Amino acid sequence: MTCFFRRKIAAKLAKTLQQSEDVFVPALTAVPVLKKRPSADFRLSLESLRVNGILASSGDLQLQTENLAAQLKPDSVVEEISARPGLIYFKLNRSLLAEKLLEPFGKGENDNFGLNSELFETLNRGTILVEFSSPNIAKKFHAGHLRSTIIGNFIANLKQSLGNNVIRMNYLGDWGMQFGLLGAGFSRFGCMEKLKENPLQHLFEVYVQVNKEAEHSEDIKLAAKDFFRQLEQHENQSMSLWQQFRDITVKEYQHIYKRLGIHFDVYSGESFHQAQTQEVVRELQSRGLLKTSEKGTGVVDLSPNGDMSNICTVLRSDGTTLYITRQVQARFKTSTGSIHVRGPADQGLAINRKEKYCFDDMIYVTDKSQENHFNQLFQILLTMGNSWAERCRHVSFGLVQGMKTRTGEVVFLEDVLDEARARMLHNMNQSKTTKELENPKDTAEKVGISALIVQDFKGPLRSDYKFDWDRMLQAQGDTGVFLQYTHARLCSLMQRNEGVEAAAFNPSCLCDLTSVAVLKHLLRYDEVLYQSDQDLQPKYLVNFLLKLSHFVASAHRELPVKGSPPDVAQARLRLFSAARSVLASGMRILGITPVQKM
Ligand code: ARG
């Protein structure tokens, strides 16, 4: 295991420098495989030892490196030690590298590989609330919602894999004036049958039509206002229609999220915190934090000097609340601790969520246009004395340009999924193996979704990118299709060689450059997960898996199993099996379901 080697090198350093092993563990990183220099496996950064005070920060770095390197002697684990100013390199015994790294795969599969690394021991594990997807009822599900959905799912999966208790929350846009319009619209253009048959489509149609009519009809505008007033006063009939819209939408979404392999523990929304919003306003008032601006609006002063140079508006001049006011409160305390959420808003929202879920961290996933909103939200919470707001985080992402299907603009999530599946199926039909698939449509769906995810996750999340069906669906090149293809190929290799079982594993059969490249790459898996966890960016993991797939492709070419002597064949199979296991577990964290055949 990776830990084994890191520990061994740390122990060596600890002995030489008379320090505890633990201080060296984070200073050691696995060296990425480079084509030209596949030599060293770990490197120690002297800079980080200086930062930790283990080495004098004023000393000559080159001299410090030379001195330390001279004191370290090779042994049965570390075969070679070399140095460059500021860095010491350790090359491991090749046979031991194969033996220890592949040990966990001795009995076949291992889904935990890399997850028990000591690197994670310093992480504070706890309850993490991840709020993501959060579409708006009756409105378009745009590319931003798709990004929030897959990014939030990745974050939740990652946090869960690293031993946290994760609460997945979908915070629907289920309140506000749009429901006044929808209510007024439904009594004019709505149809119960159509609502039941195709709820998202029908609600959207009604919403579009009523908006159009409202432009030149005072009657409709008045009816909408009236309907929303009835909702705010919880009048039965209006509430029951609203509830129906909401229930039917949630049910439909659940079905579509299932296609993506995603579930939510809680469907919350803006409607849940209406009552508490006033509480937040009272709280702000009683703490003397609510000020009146020149325009007569209610504001919180966030400027460091209290000179109103940075204010956040929380109340309109007529006293009604805004999106941000609805965001402070979140969930109610329950004695049982079970999840039960009731009724709209982010300030109130955040406070109630804290009380109800007792989370240690809360992560919001939305596009970057809401960065300012969340900064202000966190500042208001801190100003109110909620120090836990320091552990709230907004993960933001850039815009997607040009997400279209053959029939035009994307309105619903389902459109994108259907298109991905149809295009993938079309590509797959060109190959012979598709005919052997039990359920080609299902395979096409899984592969199509991986293509969407990998395209989205390759770069930094904050970057905008151009949506490109053809590029993302290429079988070669750095795509989700390539990951799936590699996985399926490994599965078929395992299947074809099921009978191969040598008496004992001989790790010395894996000392060639191609095998070592795969092994060395696997050695980095825990660091990649660690970095992903720190930055909450999927690009490290995606690029790691793509690179792994490239190494596996070379291994397929250069390391035949069939026709090799039994111990070589068996050792190679174990290497392939480890690669398959890590590939599958990484793909699952990304939110991709690996396919066995394609
Ligand atoms: N429904 C919102 C939108 O579509 C996103 C909600 C984000 N979450 C929050 N707590 N404000 O833009």
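This is a short walk through one helix, one residue and one sheet of a predicted model.

Hi everyone, let's begin with helix 14, which runs over residues 413–428. How far apart should the ends of its 16 residues be? At 1.5 Å a residue, the expected span is 22 Å, and the end C-alpha atoms lie 23 Å apart, which agrees.

Now, which residues of helix 14 are buried? They are Leu413, Val416, Ala420, Arg421, Met424 and Met428. Around the helix axis these residues take up an arc of only 125°, so they sit on the same side of helix 14. For the general background, an α-helix has 3.6 residues a turn, so residues three or four places apart point the same way. The cover over the buried residues of helix 14 includes helix 5 (143–161), helix 10 (236–259), strand 15 (404–405) and helix 15 (440–457).

Let's stay with helix 10 for a moment, as Gln244 lies there. Why does Gln244 count as partly exposed? Because it has 15 C-beta neighbours inside 10 Å, where 20 or more would make a residue buried and 12 or fewer exposed. From Gln244 to Lys140 is 104 residues in sequence, and 19 Å in space between their C-alpha atoms.

Last stop, the sheet. Three strands form an open sheet in the order 8-9-10, with antiparallel pairing. Strand 8 (290–292) and strand 10 (311–315) are at the edges, each pairing on one side only. Ignoring direction, neighbouring strands of this sheet are turned by 45° against each other on average. Between strand 8 and strand 9 (residues 298–301) there are three bridges, in the antiparallel sense. Here Leu290 has Val300 in strand 9 as its bridge partner.

Note on methods
Residues are numbered from 1 along each chain as its sequence is written. This is a predicted model: local features need pLDDT of at least 70, side-chain atom pairs count only at pLDDT 80 or more; totals for chains, interfaces and linings use all residues. Helices (H or I, at least four residues) and strands (E, at least two) are DSSP runs, numbered from the N terminus. The expected span of a helix is 1.5 Å times one less than its number of residues. The arc is that of the directions from the helix axis to the C-beta atoms. Two residues are in contact if their C-beta atoms, placed from the backbone, lie within 7 Å. Two strands pair if DSSP finds at least two bridges between them. Axes are lines fitted to C-alpha atoms, for helices over the stretch in contact, and angles run from 0 to 180 degrees between N-to-C directions.
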